[in-house]
Amino acid sequence: QVDRLMNAYAGELEAVCIKYENDRYILITSQAMLDKARKENFHILDDIKTIEGTGITPTLSLGIAYGELTPQEIWTESRQAMDIALSRGGDQAVLKSGDQLDYYGG
């Protein structure tokens with residue numbers, strides 16, 4: 001069910017969705033689509049919670065990096081953003097651009 005929701009969300013954002021571990025994904029999208037997701041407060045955070053039948057309520061944490069960066073820098077900054085999201089309890093999106101951090105959910 002998580003795969004289905006993640007792929008649907010990627011479709012909304014015209015993104016490439018790559019599953020690289022059992023419960024980890026990379027989405028690559030444009031700045032315009034990132035702005036759309038921000039305006040919608042990353043509704044995927046709430047959508048994931050609607051999954052039933054597992055006995056637990058699943059949550060999602062997002063670490064997002066953007067800006068004029070190399071792919072390596074994007075990877076490093078997004079991992080830092082994910083670490084921040086998880087240290088704050090998860091169930092949120094953290095966007096990182098240089099020293100600026102923005103939080104959604106949580």
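## Salt bridges, core and surface patch in a predicted model

The side chains of D102 and R38 form a salt bridge, with N and O 2.7 Å apart. A salt bridge here is a side-chain nitrogen of Lys or Arg within 4 Å of a carboxyl oxygen of Asp or Glu. D102 lies in strand β5 and R38 in helix α2, so this pair ties together parts that are 64 residues apart in sequence. Helices (H or I, at least four residues) and strands (E, at least two) are DSSP runs, numbered from the N terminus.

This is a predicted model, in which local features need pLDDT of at least 70 and side-chain atom pairs count only at pLDDT 80 or more, while totals for chains, interfaces and linings use all residues. Residues are numbered from 1 along each chain as its sequence is written, and side-chain values use heavy atoms, with hydrogens and water left out.

**The surroundings of D102**

Strand β5, which holds D102, covers residues 100–105. D102 has a relative accessible area of 18% and is therefore buried; buried means under 20% relative accessible area, exposed over 50%, and partly exposed in between (1.4 Å probe, protein chains only). R38 is buried as well. The 2.7 Å pair of D102 and R38 side chains is also listed as a polar contact. A second polar contact, of 3.1 Å, joins the side chains of D102 and Q100. A polar contact is a pair of N or O atoms within 3.5 Å; within protein, one must be able to donate a hydrogen and the other to accept it, and residues adjacent in sequence count only if both atoms are side-chain atoms.

Neighbours within four places in sequence aside, D102 is in contact (heavy atoms within 4.5 Å) with R38, Y66, A93, V94 and L95.

**Other salt bridges**

Side chains of opposite charge can pair when their charged atoms come close. The structure holds 7 salt bridges, including the three below.

| Salt bridge | Closest N and O atoms |
|---|---|
| D102 and R38 | 2.7 Å |
| E77 and K96 | 3.4 Å |
| K49 and D46 | 4.0 Å |

K49 counts as partly exposed because its relative accessibility is 33%. E77 lies in helix α4 (residues 71–87) and K96 in strand β4, so their salt bridge ties together parts that are 19 residues apart in sequence. E77 is buried at 16% relative accessible area, and K96 is buried at 10%. Salt bridges with shared partners join D46, K49 and D91 into one network.

**The nonpolar core**

A nonpolar core is a set of buried Ala, Val, Leu, Ile, Met, Phe, Trp, Tyr and Cys residues joined through side-chain atoms within 4.5 Å. The largest one has 22 residues, and those touching the most other members are F42, I44, L60, L62, A93 and L95. Two or more residues each come from α1 (2–12), α2 (31–39), α3 (44–48), β3 (62–65) and β4 (92–97). Helix α1 gives the largest share, 4 residues. With neighbours within four places in sequence set aside, L60 is in contact with M6, I44, L45, I48, D91 and Q92.

**The surface patch**

V16, I18, Y20, I28 and W75 make a nonpolar surface patch of about 450 Å². Patches are made of residues with over 30% relative accessible area and no salt bridge: like charges are joined within 9 Å, nonpolar side chains (Val, Leu, Ile, Met, Phe, Trp, Tyr) within 5 Å. Accessible areas come from the Shrake-Rupley method with a 1.4 Å probe; for residues, only the protein chains shown count as cover. Strand β1 (residues 16–21) gives the most to the nonpolar patch, with 3 residues. Y20 is in strand β1, and its relative accessibility of 31% makes Y20 partly exposed.
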